[in-house]
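Please look at the sequence and the structure together while reading. The paragraphs below go from the overall dimensions to the sheet, a smaller group of strands, the pocket and the cysteines.

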Amino acid sequence: MIETKGYAIVRNAIVMETIAELRLEAERLAEVVPDRAYGIRDLFTYSPRIAELGRSQSMCQHLPDLRLAPVRAILFDKIPGSNWKVPTHQDLTTAVRERHDIDGYGPWSVKANITHVQPPMALLEGMVTLRLHLDPTPVTNGALRVIPGSHLHGRIPSGDIPALLGRDPEVCCACDAGDLLLMKPLILHASSPSTEPNHRRVIHIEYAHRERLHPALAWHESP
């Protein structure tokens with residue numbers, strides 16, 4: 001399903017005992033980097049527990065290709081002080097340790113002091129993201145919205161996105177705690193601000209064929 005639609009939801013993928021443990025870890029992390037509690041990057045470095053989760057059978061069994069390995073993780077939360085709107089977009093960058101100018105890689109950017117680059121399409125097309133929900137995420141709490149099949153269009157110029165939005169219907173990926181959303185990074189997706197005064201914690205882990213990265217580059221995170 002994920003190859004054709006670009007997304008899939010696995011209900012009750014992770015048992016609630018583990019979710020409760022991960023909520024405690026999320027609370028700890030929010031105290032470690034309170035200025036970035038809304039979006040903690042470099043997550044495997046900050047949290048060996050989440051690095052373990054990214055490699056675990058409970059997560060990896062849901063991947064469409066077992067050769068995929070975790071290469072980046074982010075903890076997202078929508079809290080009153082950082083309750084943002086995410087416009088419709090594709091995930092086009094990945095995190096690497098340092099910049100090397102290579103044909104097919106670019107443009108480059110820096111987010112939270114981490115070097116990011118847009119890699120070749122072949123690498124992006126092979127990636128899969130797993131988003132584990134630690135809290136109920138209905139439409140009123142910032143649930144992700146996707147346009148099924150939009151990942152098949154490749155890299156979409158930003159000016160062409162409104163036409164796709166007007167032509168193809170969005171699907172709301174409402175999830176409960178313990179649910180897992182699988183998505184291709186190239187699928188068009190967005191989310192609205194939460195209208196409820198609740199956490200919306202999501203552990204976002206990206207998986208790739210590590211060997212497809214140019215040998216002059218190194219993944220920033222590789223637990």
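For 223 residues, a compact globule would have a radius of gyration near 17 Å, and the protein has 17 Å, so the value agrees with that of a compact globule. The model is a predicted one. Taken along the principal axes, the box filled by the C-alpha atoms is roughly 45 × 40 × 35 Å. Of the 223 residues, 52% are buried. The secondary structure consists of seven helices and 13 strands.

The sheet comes next. Six strands make up an open sheet, and their order is β1-β11-β8-β13-β3-β2. The pairing in this sheet is antiparallel. Its edge strands are β1 (7–10) and β2, each of which pairs on one side only.

Strand β3 is a useful place to stop, with β13 before it and β2 after it in the sheet order. With β13, strand β3 pairs in the antiparallel sense over seven bridges. One pair to find on screen is Ala69, whose bridge partner in β13 is Ala208. With β2 (residues 39–40), strand β3 is joined by two bridges, and these strands also run antiparallel. Here Ile40 stands opposite Leu75 of β3. How much of β3 is covered? Eight of its eight residues are buried.

A second group of strands involves β5, β6 and β7. Strand β7 (residues 114–117) runs antiparallel to β6 (residues 108–111), and four bridges join them. In this pairing, Ser109 stands opposite His116 in β7. The hairpin of β6 and β7 has two residues between the strands, and Ala112 takes a positive phi near 50 degrees there. Strand β7 is also joined to β5 (residues 94–96), by three bridges and again in the antiparallel sense. The β7 partner of Thr94 is Val117.

In a regular strand, side chains alternate between the two faces of the sheet. Are the faces of β7 covered or open? Both are covered: Ile114 and His116 are buried on one side, and Thr115 and Val117 are buried on the other.

The pocket can be traced next. The largest pocket has a volume of about 570 Å³. Its lining comprises 26 residues, and those nearest the centre are Arg41, Phe76, His89, Asp91 and Lys111. Several strands contribute: β3 (69–76), β4 (86–89), β12 (189–191) and β13 (202–208) are the elements that give two or more residues to the lining. The largest share, three residues, comes from β3, the strand whose eight residues are buried. By type, the lining divides into nine nonpolar, eight polar and nine charged residues.

Strand β12 also holds Ala190. Ala190 has a relative accessible area of 1%, which is under the 20% limit, and therefore counts as buried. For a sense of distance across the fold, the C-alpha atoms of Ala190 and Thr4 are separated by 19 Å, while the two residues are 186 apart along the chain.

The cysteines remain. A disulfide is a covalent bond between the sulfur atoms of two cysteines. How many disulfides does the structure hold? There are zero. Why is there no bond at Cys173? The closest cysteine sulfur to that of Cys173 is in Cys175, and the 6.4 Å between them is too far for a bond. Counting a pair as a disulfide requires the sulfur atoms to be within 2.5 Å. Seen from Cys175, the closest cysteine sulfur is in Cys173, so the same 6.4 Å applies and is again too far.

Are these cysteines buried or exposed? Cys173 is buried, with a relative accessible area of 0%. Cys175 is buried as well, with a relative accessible area of 6%.

Technical notes: Residues are numbered from 1 along each chain as its sequence is written. This is a predicted model: local features need pLDDT of at least 70, side-chain atom pairs count only at pLDDT 80 or more; totals for chains, interfaces and linings use all residues. Side-chain values use heavy atoms; hydrogens and water are left out. Buried means under 20% relative accessible area, exposed over 50%, partly exposed in between (1.4 Å probe, protein chains only). On a 1 Å grid over the protein atoms alone, a cavity is a set of points where a 1.4 Å probe fits but cannot get out, and a pocket is an open set with protein on both sides within 12 Å along at least five of seven lines; lining residues have an atom within 4 Å of a point. Grid points are joined across faces, edges and corners, and a volume is the space filled by probe spheres set on the points. Ala, Val, Leu, Ile, Met, Phe, Trp, Tyr, Cys and Pro count as nonpolar, Asp, Glu, Lys and Arg as charged, and the others, Gly among them, as polar. Two strands pair if DSSP finds at least two bridges between them. The radius of gyration is taken over C-alpha atoms; the globule rule is 2.2 Å times the number of residues to the power 0.38.
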